[in-house]
Amino acid sequence: MKVTLRLDPVDKILLKRHMGKDRSAQRFFTSTVRRHCDKYVPMLSGTLKNDAQEGESYILYNTPYAAKNYFENSGNGLQGTAKGGLRGKLWDKRMMAAEGREVVGSVADYVGGKAKT
């Protein structure tokens with residue numbers, strides 16, 4: 001018995017899943033991560049959170065105090081981690097620990113796949 005598989009070309013498969021040359025799945029992932037991170041980013045005036053720039057595969061928090069907040073923020077603001085809130089340092093890592101499954105599920109839905117449970 002002989003079994004023959006006929007598969008679409010790789011480019012066609014990737015395009016069908018939004019992972020082709022247009023890289024829309026990557027942009028969707030980046031945008032999803034930013035949206036989920038918003039409630040974790042330290043906020044005094046909102047500039048750090050609101051002025052972040054999205055690239056295809058990165059989020060740039062481009063203020064003079066962004067790095068200091070990322071590594072050293074003590075979470076003492078109104079919604080800070082020291083007061084029972086979410087805002088504070090290492091916001092992307094904490095967001096992924098808390099909401100990573102939801103992020104992965106959103107991306108899986110977008111590309112027509114299933115997230116591992």
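Here is a walk through this structure, from its aromatic rings to its salt bridges and a few single residues. Keep in mind that the model is predicted.

Let's start with the aromatics. There are four aromatic pairs to look for. Y61 and W91 make one of them, an edge-to-face pair with 5.1 Å centre to centre and 75° between the planes. Y61 sits in the loop between β2 (59-60) and α4, while W91 belongs to helix α5 (residues 91-111), so this pair ties together parts that are 30 residues apart in sequence. Both rings are tucked away: Y61 is buried at a relative accessible area of 15%, and W91 is buried at 3%. W91 also pairs with Y70, and because the ring centres are 5.0 Å apart with the planes at 90°, that pair is edge-to-face. This one links distant parts of the chain too, with Y70 in helix α4 and W91 in helix α5, 21 residues apart. Y70 is buried as well, with a relative accessible area of 14%. Add F71 to Y61, Y70 and W91 and you have one aromatic cluster.

Staying with helix α4 (residues 66-72), have a look at N69. N69 counts as buried because its relative accessible area is 17%, and the cut-off for buried is under 20%. Its side chain makes a polar contact with the side chain of N73, at 2.7 Å. Leaving out residues up to four places away in sequence, N69 touches P42, L48, K89 and W91. So W91 turns up here again, as a contact of N69 as well as a member of the aromatic cluster.

Just before W91 in the numbering comes L90, in the loop between α4 and α5. What is the sign of phi at L90, which is not a glycine? It is positive, about 50°. For background, most residues other than glycine have a negative phi. L90 is partly exposed, with a relative accessible area of 28%.

Further along helix α5 you get to V103, which is buried with a relative accessible area of 0%. Its C-alpha atom is separated by 6.9 Å from that of V33, a residue 70 places away along the chain. Apart from its neighbours within four places in sequence, V103 is in contact with F29, T32, V33, H36, M95 and M96.

Now for the charges. The count comes to three salt bridges. In one of them, the side chains of R34 and E54 meet at 3.7 Å, N to O. R34 is in helix α2 (residues 24-37) and E54 in strand β1 (residues 53-54), so the pair ties together parts 20 residues apart in sequence. R34 counts as buried at 15% relative accessibility, whereas E54 is partly exposed at 38%. K39 and E99 meet in another salt bridge, at 3.3 Å, N to O. That pair links the loop between α2 and α3 (47-50), where K39 lies, to helix α5, which holds E99, 60 residues apart. Here K39 is partly exposed at 40% and E99 is buried at 10%. Then there is E72 with K68, whose closest N and O atoms are 2.9 Å apart. These two both lie in helix α4, four residues apart, about one turn of the helix, and both are exposed.

Finally, go to the start of the chain. M1 is in the segment before α1 (10-16). Together with V3, L5 and L7, M1 forms a nonpolar patch on the surface, with about 620 Å² of accessible area in total.

Methods. Residues are numbered from 1 along each chain as its sequence is written. This is a predicted model: local features need pLDDT of at least 70, side-chain atom pairs count only at pLDDT 80 or more; totals for chains, interfaces and linings use all residues. Side-chain values use heavy atoms; hydrogens and water are left out. Buried means under 20% relative accessible area, exposed over 50%, partly exposed in between (1.4 Å probe, protein chains only). A polar contact is a pair of N or O atoms within 3.5 Å; within protein, one must be able to donate a hydrogen and the other to accept it, and residues adjacent in sequence count only if both atoms are side-chain atoms. Contact means heavy atoms within 4.5 Å. Patches are made of residues with over 30% relative accessible area and no salt bridge: like charges are joined within 9 Å, nonpolar side chains (Val, Leu, Ile, Met, Phe, Trp, Tyr) within 5 Å. Accessible areas come from the Shrake-Rupley method with a 1.4 Å probe; for residues, only the protein chains shown count as cover. A salt bridge is a side-chain nitrogen of Lys or Arg within 4 Å of a carboxyl oxygen of Asp or Glu. Rings of Phe, Tyr and Trp (its six-membered ring) pair if their centres lie within 6.5 Å; planes under 30 degrees apart count as stacked, over 60 as edge-to-face and the rest as tilted.
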